[in-house]
Amino acid sequence: MPTDVLVEARGLVKEYSSARRVVDDVSFAIKRGETLGLVGESGSGKSTVARMLLRLVEPTAGEVRYNGGDLLAVGPRGMREMRRRMQIVFQDPYAALNPRMRVREILAEPFAIHRQGPIESLEARSAQMLRTVGMDNSALERFPHEFSGGQRQRINIARALALRPEFLVLDEPVSALDVSVGAQVVNLLRDLQREYGLTYLFISHSMPLVRYLCDRVAVMQQGKLVEFGECERVCGAPQEEYTRRLIAATPEMPASP
Ligand SMILES: Nc1ncnc2c1ncn2[C@@H]1O[C@H](COP(=O)(O)OP(=O)(O)OP(=O)(O)O)[C@@H](O)[C@H]1O
Ligand SMILES: [Mg+2]
């Protein structure tokens, strides 16, 4: 396998009951350093595919390759290390943060879970993580409800980056935010990717956003991959009627970003 591939789905299948496949024979590769968009109508299986890639959901059949190795064959010890390298940011920035924890504790938690201290002090690392997402130390003693949705999503992103992962699943990270706030978070994600050489799987309903952020895009319909290719090609000259409908269903991006 060429080393420029970081994550690969091979014939992934998920059945919750034998009657219906929610993911049906999905194969694609994510190149190191790229942003792959994953689009499709609600219920098409996007989140399920993402969760199988992270092994948060076990596939019914198929393979997940990570950095050339068989992820499904990795034992519990190895998975601890893999979990450090792969992180996920969810749609709802409030639900993802424990309301009883201060930001200081939220940012320290990944280190506690992985029983691994940062190279620098926890204090310095937390401050650095906040700076990275455009916030400052005054956030440390506050609780999630004291922040706006955009700020909360920045805190989620800071936490996801705490252990210096290489692969991030972004499952509709800005869908719950106002368009202009979402645009700022998207620009932040783009800057972070350049700075840290991150690889993204970006799940979205917004084709303009996907066109803005992604290198390539995978289109899912009822559990199947129906179109895949360079973003400009898929968005500019879609081959499937279904993809055309997805593009027509989302309005143009506002002037910014
Ligand atoms: N734990 C589960 N048990 C049974 N069915 C499930 C489970 N999780 C997901 N499904 C079903 O699998 C299908 C795909 O769900 P999934 O969440 O992957 O879709 P999605 O493309 O992410 O949708 P959305 O855009 O709404 O987030 C849906 O029909 C859903 O009801
Ligand atoms: Mg989903």
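Helices and strands are DSSP runs, at least four residues long for a helix and at least two for a strand, and they are numbered from the N terminus. The exercises below use these names. The model is predicted.

**Exercise 1. Locate Asn-67 and describe its backbone and its exposure.**

Step 1. Place the residue. Asn-67 lies in the loop that links β4 (61-66) to β5 (69-70).

Step 2. Look at the backbone. Most residues other than glycine have a negative phi. Asn-67 is not glycine, yet its phi is positive, near 55°.

Step 3. Relate the angle to the turn. β4 and β5 form a hairpin with two residues between the strands, and Asn-67, with its positive phi, belongs to this hairpin.

Step 4. Classify the exposure. Buried means under 20% relative accessible area and exposed means over 50%, with partly exposed in between. Asn-67 has 39% relative accessibility, so it counts as partly exposed.

**Exercise 2. Work out the order of the strands in the open sheet that contains β4.**

Step 1. Start from one neighbour of β4. Strand β1 (residues 5-17) is joined to β4 by five bridges, and the two run antiparallel. Along this pairing, Glu-8 stands opposite Arg-65, and Val-13 has Ala-61 as its bridge partner.

Step 2. Go to the other neighbour. β4 and β5 are joined by two bridges and also run antiparallel. Here Arg-65 has Asp-70 of β5 as its bridge partner.

Step 3. Write the order. The open sheet has four strands, β2-β1-β4-β5, with antiparallel pairing.

Step 4. Mark the edges. β2 (20-31) and β5 are the edge strands, and each pairs on one side only.

**Exercise 3. Which strands pair with β9, and in which sense does each run?**

Step 1. Take β3. Strand β3 (residues 35-40) is joined to β9 by five bridges, and these strands run parallel. Gly-37 has Val-217 in β9 as its bridge partner.

Step 2. Take β10. Strand β10 (residues 224-230) pairs with β9 over six bridges in the antiparallel sense. Val-219 has Glu-227 in β10 as its bridge partner.

Step 3. Look at the turn. The hairpin of β9 and β10 has two residues between the strands, and Gln-222 takes a positive phi near 45° there.

Step 4. Check the cover. Strand β9 (residues 216-221) has five of its six residues buried.

**Exercise 4. Name the buried residues of α4 and find what covers them.**

Step 1. List the buried positions. In helix α4 (residues 122-132) they are Arg-125, Ser-126, Ala-127, Met-129, Leu-130 and Thr-132.

Step 2. Recall the helix geometry. An α-helix has 3.6 residues a turn, so residues three or four places apart point the same way.

Step 3. Find the cover. It includes α3 (103-113), α5 and α6 (179-196).

Step 4. See what follows the helix. After α4 comes Gly-134, with a positive phi near 80°.

**Exercise 5. Is Arg-152 buried or exposed, and which residues does it touch?**

Step 1. Place the residue. Arg-152 is in helix α5.

Step 2. Apply the cut-off. Buried means under 20% relative accessible area. Arg-152 has 17%, so it is buried.

Step 3. List the contacts. Leaving out residues up to four places away in sequence, Arg-152 touches Pro-93, Tyr-94, Leu-97, Pro-144, His-145 and Phe-147.

Step 4. Compare sequence with space. Arg-152 and Val-103 are 49 residues apart in sequence, and their C-alpha atoms are 9.7 Å apart.

Step 5. Move on to the loop after α5. Arg-164 is found between α5 (149-161) and β7 (167-171). Its phi is positive, near 55°, and at 42% relative accessibility Arg-164 counts as partly exposed.

**Exercise 6. Describe the chain as a whole.**

Step 1. Count the elements. The chain has nine helices and ten strands.

Step 2. Judge the compactness. The radius of gyration is 18 Å, close to the 18 Å that the globule rule gives for 257 residues, so the chain is as compact as a globular protein of that length. Along its principal axes the C-alpha trace spans about 50 × 50 × 35 Å.

Step 3. Turn to burial and surface. Buried residues make up 51% of the 257 residues. The chain exposes about 11900 Å², and carbon and sulfur atoms supply 48% of that area.

Step 4. Consider the contacts. Among those between residues at least 6 apart in sequence, 68% join residues at least 24 apart.

Step 5. Locate the charges. The mean positions of the 34 positive and 32 negative charges are 4 Å apart.

Notes: Residues are numbered from 1 along each chain as its sequence is written. Chains are lettered from A and ligands numbered from 1 in the order in which they are written. This is a predicted model: local features need pLDDT of at least 70, side-chain atom pairs count only at pLDDT 80 or more; totals for chains, interfaces and linings use all residues. Side-chain values use heavy atoms; hydrogens and water are left out. The radius of gyration is taken over C-alpha atoms; the globule rule is 2.2 Å times the number of residues to the power 0.38. Buried means under 20% relative accessible area, exposed over 50%, partly exposed in between (1.4 Å probe, protein chains only). Contact means heavy atoms within 4.5 Å. Accessible areas come from the Shrake-Rupley method with a 1.4 Å probe; for residues, only the protein chains shown count as cover. Lys and Arg count as positive and Asp and Glu as negative; His and the chain ends are not counted. The place of a charge is taken as NZ of Lys, CZ of Arg, CG of Asp or CD of Glu. Two strands pair if DSSP finds at least two bridges between them.
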